[in-house]
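This briefing covers a single protein chain, with notes on confidence, strand pairing, packing and a few individual residues. Please keep the sequence and the structure in view while reading.

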Amino acid sequence: MPQPTRSSIDNARSLPHSTPAAANKDARSEQIVQNFYSKAAQVIAHLRAHRHIDRMDSESAMLVRANASSLMYASSTSSSAVDIGSGGRRINKWFNLHLEDIDSIRDEARLWRHAVSSEQRPPPMFIDVYLDVSGVCEELQVTDVFGRPWTVDLDLGSQRASAIALESWRLDLAPGPDASHTDLPRVYKQAIVFFRSLYAFAGLLPSTRLAQQLTNSSTPQLTNSSTPQLSMFVSLRAAAVSRDNMIGLDVALTGTEQFLESHVFSPVPTPLGVFSMNVQYRRECAFT
């Protein structure tokens, strides 16, 4: 029987093979990417939403309301990154951002989590923020960037608008260069920086003040029955779609020429691809 040569042994050693260490790294990479999706959605919901609606059927979905003391949301879980907070709610600590867990947000993010675990390319995650105006019986006003009041036209022709789009966030995981040797602690640190930036930037947008006003029980919208009750909600979806009963983000509410702004975040490379996120938002969110 011929004996293996030194060159054949060296070639065999160089062939790719699966080891327990490699499998563990793959599992940890997958977990980071899954929780990246969840955390992104929940950061926006934490800062914006009174309630959350299903990404596919906004009319029949169950609405989850939250009051000012419980407007905290968190990503889905790893036992090493979850504690129990007040009221028995889970506090998720992924990416060093501690937020209370809420089942509806976690459940909506399962589409992207399952895509990652099944080794499919996840679809884009769209996180849309709306103002619910279904309770407006007479007129709704908005103040433009110059301090001038405008009456919002809610007439859509065949029906009346039930919501106004305020923001649209898009999160993508795109193929990147070979990152099989990526250092996972470095990836995690970059994700921490990303989520700090996301949380800080989202907190500075015009709709933040509106969300704070709507969660304040002393505001007229919540205490005066003669004033329309306004609320904000978040919708997750996997494709760009338009809703017939909603005023889209591309529709101006005032005479301001540049009524939209946009922002692109720094990309975050991972072993499974490169995360990129951008947002388009209204500059004018002072509704009365």
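One aromatic cluster in this predicted model is formed by Phe-36, Tyr-37, Trp-94, Phe-95, Trp-169, Tyr-188, Phe-194, Phe-195, Phe-201, Phe-265, Phe-275 and Tyr-281. The chain around this cluster has 288 residues, of which 46% are buried, and contains seven helices and 14 strands.

**Aromatic pairs**

- The count of aromatic pairs comes to 15.
- Phe-201 and Phe-265 are an edge-to-face pair, because their planes stand at 85° with the ring centres 5.6 Å apart.
- This pair ties together parts 64 residues apart in sequence, because Phe-201 belongs to helix α5 while Phe-265 sits in the loop between β11 (260-264) and β12 (268-270).
- Both Phe-201 and Phe-265 are buried.

**Confidence**

- The average pLDDT of the chain is 78, and 72% of the residues reach at least 70.
- Residues 4-18 have pLDDT below 50, and this stretch makes two contacts in the model beyond near neighbours in sequence.
- Residues 53-80 also have pLDDT below 50, but here the model contains 82 contacts beyond near neighbours in sequence.
- Where pLDDT is low, the predicted coordinates should not be read in detail.

**Whole-chain figures**

- Of the contacts between residues at least 6 apart in sequence, 76% join residues at least 24 apart.
- The chain has an accessible surface of about 15,000 Å², and carbon and sulfur atoms account for 51% of that surface.

**Strand β8 and its partners**

- Which strand pairs with β8 in the parallel sense over two bridges? That partner is β10 (residues 246-247).
- β5 (residues 125-132) runs antiparallel to β8, and eight bridges join the two strands.
- β13 (residues 273-282) is likewise antiparallel to β8, with eight bridges between them.
- Ile-164 of β8 is the bridge partner of Leu-131, and Ile-164 also stands opposite Ile-247 in β10.
- Further along, Asp-172 stands opposite Ser-276 in β13.
- β8 is mostly covered, with 10 of its 12 residues buried.
- In general, strands of a sheet pair through backbone hydrogen bonds, either parallel or antiparallel.

**The three-stranded sheet**

- An open sheet is made of three strands in the order β7-β6-β14, with antiparallel pairing.
- Its edge strands, β7 (149-152) and β14 (286-287), each pair on one side only.
- β6 (residues 140-143) and β7 are joined by four bridges.
- Leu-140 has Val-152 in β7 as its bridge partner.

**Nonpolar cores**

- The largest nonpolar core holds 61 residues, and the members that touch the most others are Leu-131, Ile-164, Trp-169 and Phe-287.
- Helix α2 (residues 20-48) gives this core its largest share, 10 residues.
- Another core lies apart from the largest one and has eight residues, including Tyr-130, Ala-163, Ala-165 and Phe-259.
- Two of the names above recur in the pairing: Leu-131 and Ile-164 are bridge partners.
- Trp-169, for its part, also belongs to the aromatic cluster.

**The loop between β3 and β4**

- Phe-95 lies in the loop between β3 (90-92) and β4 (99-100), and Asn-96 is in the loop between β3 and β4 as well.
- Phe-95 has a phi near 60°, a positive value in a residue other than glycine.
- The phi of Asn-96 is also near 60°, again positive in a residue other than glycine.
- Are these two residues buried or partly exposed? Phe-95 counts as buried because its relative accessible area is 1%, under the 20% cut-off.
- Asn-96 counts as partly exposed because its relative accessibility is 48%, between the 20% and 50% cut-offs.
- Phe-95 is also a member of the aromatic cluster.

**Asp-183**

- Asp-183 is placed in the loop between β8 (163-174) and α5 (184-202).
- Its relative accessibility is 44%, so Asp-183 counts as partly exposed.
- Asp-183 and Pro-271 are 88 residues apart along the chain, and 8.7 Å separates their C-alpha atoms.

Technical notes: Residues are numbered from 1 along each chain as its sequence is written. This is a predicted model: local features need pLDDT of at least 70, side-chain atom pairs count only at pLDDT 80 or more; totals for chains, interfaces and linings use all residues. Side-chain values use heavy atoms; hydrogens and water are left out. Buried means under 20% relative accessible area, exposed over 50%, partly exposed in between (1.4 Å probe, protein chains only). Contact means heavy atoms within 4.5 Å. Accessible areas come from the Shrake-Rupley method with a 1.4 Å probe; for residues, only the protein chains shown count as cover. pLDDT is the predictor's confidence in each residue, from 0 to 100. Two strands pair if DSSP finds at least two bridges between them. A nonpolar core is a set of buried Ala, Val, Leu, Ile, Met, Phe, Trp, Tyr and Cys residues joined through side-chain atoms within 4.5 Å. Rings of Phe, Tyr and Trp (its six-membered ring) pair if their centres lie within 6.5 Å; planes under 30 degrees apart count as stacked, over 60 as edge-to-face and the rest as tilted.
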